Amino acid sequence: MAAPSTVSTTDWQDPDAVRFMLDECETWAVVGLSDDPSRTAYSIASLLQQRGKRIVPVHPKAPTVLGEQGYATLADVPFPIDVVDVFRRSEAAGEFADQAVAVGARAVWFQLGVIDEEAFARTTAAGVPMVMDTCPAMEWRR
């Protein structure tokens with residue numbers, strides 16, 4: 001008989017972790033943010049700005065987006081990051097959780113549809129709060 005999963009969706013969307021990120025964290029590195037306004041990352045980054053957050057575009061091309069200088073990698077960001085918000089497919093997202101821990105980010109957010117249980121386990125074991133499979137826009141509406 002297989003052991004039951006120790007991670008549940010309620011763990012992934014812990015209200016205290018969500019509240020911490022939305023209420024106490026100011027600088028959000030948005031992984032996958034480009035200057036394409038038709039992309040979800042762009043609209044969520046814009047919402048974060050409207051809510052008073054500083055956004056930091058993280059994209060290999062390092063474009064300036066919504067008036068903020070972009071960086072090619074999280075390690076290139078020259079100031080502290082509060083939340084690493086990941087807009088990448090689930091199979092590519094885990095490495096960004098690991099990078100977030102490595103750069104000392106205070107939290108990690110995987111967007112709606114982005115799930116990596118192993119990355120969640122590694123990140124939270126490192127003492128970094130993480131949420132998955134939800135969106136700040138949805139959580140602010142609750």
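The legends below describe close-up views of a predicted model.

**View 1. The largest pocket and its lining.**
The largest pocket has a volume of about 460 Å³. It is lined by 18 residues, and those closest to the pocket centre are V31, G32, R39, F87 and R88. Two elements, α3 (residues 40-50) and α4 (residues 90-103), each give two or more residues to this lining. The largest share comes from α4, with 3 residues. Sorted by class, the lining of the largest pocket holds 9 nonpolar, 6 polar and 3 charged residues.

**View 2. Two cysteines without a disulfide.**
A search of the whole structure finds 0 disulfides. For C25, the nearest cysteine sulfur is that of C135, at a distance of 16 Å. The reverse also holds, with the sulfur of C25 being the nearest one to C135. A disulfide requires two cysteine sulfur atoms within 2.5 Å, so at 16 Å C25 is in no disulfide. C25 is buried, with a relative accessible area of 0%. C135 is buried as well, with a relative accessible area of 8%.

**View 3. Q111 and the residues around it.**
Q111 lies in the loop between β4 (residues 107-110) and α5 (residues 117-125). Its relative accessible area is 4%, and a residue is called buried when this value is under 20%, so Q111 counts as buried. Leaving aside residues up to four places away in sequence, Q111 touches I44, D85, V86, F87, D133, T134, C135 and P136. Among these contacts, F87 is also one of the residues closest to the centre of the largest pocket, and C135 is one of the cysteines shown in View 2.

**View 4. L66, a residue with positive phi.**
L66 has a positive phi of about 50 degrees, although L66 is not a glycine. This residue is found in the loop between β2 (residues 54-58) and β3 (residues 83-86). L66 counts as partly exposed, at 26% relative accessibility.

**View 5. D133, with positive phi in another loop.**
The phi of D133 is near 60 degrees, a positive value in a residue other than glycine. D133 sits in the loop between β5 (residues 130-131) and α6 (residues 136-141). With a relative accessible area of 22%, D133 is partly exposed. D133 is also among the residues that Q111 touches.

**View 6. The buried residues of helix α2.**
Helix α2 spans residues 15-24, and its buried residues are A17, V18, F20, M21 and L22. These buried residues pack against several elements, namely β1 (residues 27-31), β3, β4, β5 and α6. Of these, β4 is one of the two elements that flank the loop of Q111, while β5 and α6 flank the loop of D133.

**View 7. The two faces of helix α5.**
In α5, the buried residues are A119, F120 and T123. They lie on the same side of α5, because they cover an arc of only 100 degrees around the axis. The face of α5 turned away from this buried side carries the exposed residues E118 and A125.

Technical notes
Residues numbered from 1 in each chain as written. Predicted model: local features only at pLDDT ≥ 70, side-chain atom pairs only at ≥ 80, totals over all residues. Heavy atoms only, no water. 1 Å grid on protein atoms, 1.4 Å probe; cavity = no way out; pocket = protein on both sides within 12 Å on 5 of 7 lines; lining within 4 Å. Points joined across faces, edges and corners; volume = space filled by probe spheres on them. Helix = DSSP H or I, 4+ residues; strand = E, 2+ residues; numbered from the N terminus. Nonpolar A, V, L, I, M, F, W, Y, C, P; charged D, E, K, R; others polar. Buried < 20%, exposed > 50% of the residue type's maximum accessible area, 1.4 Å probe, protein only. Contact = heavy atoms within 4.5 Å. Arc of directions from axis to C-beta.
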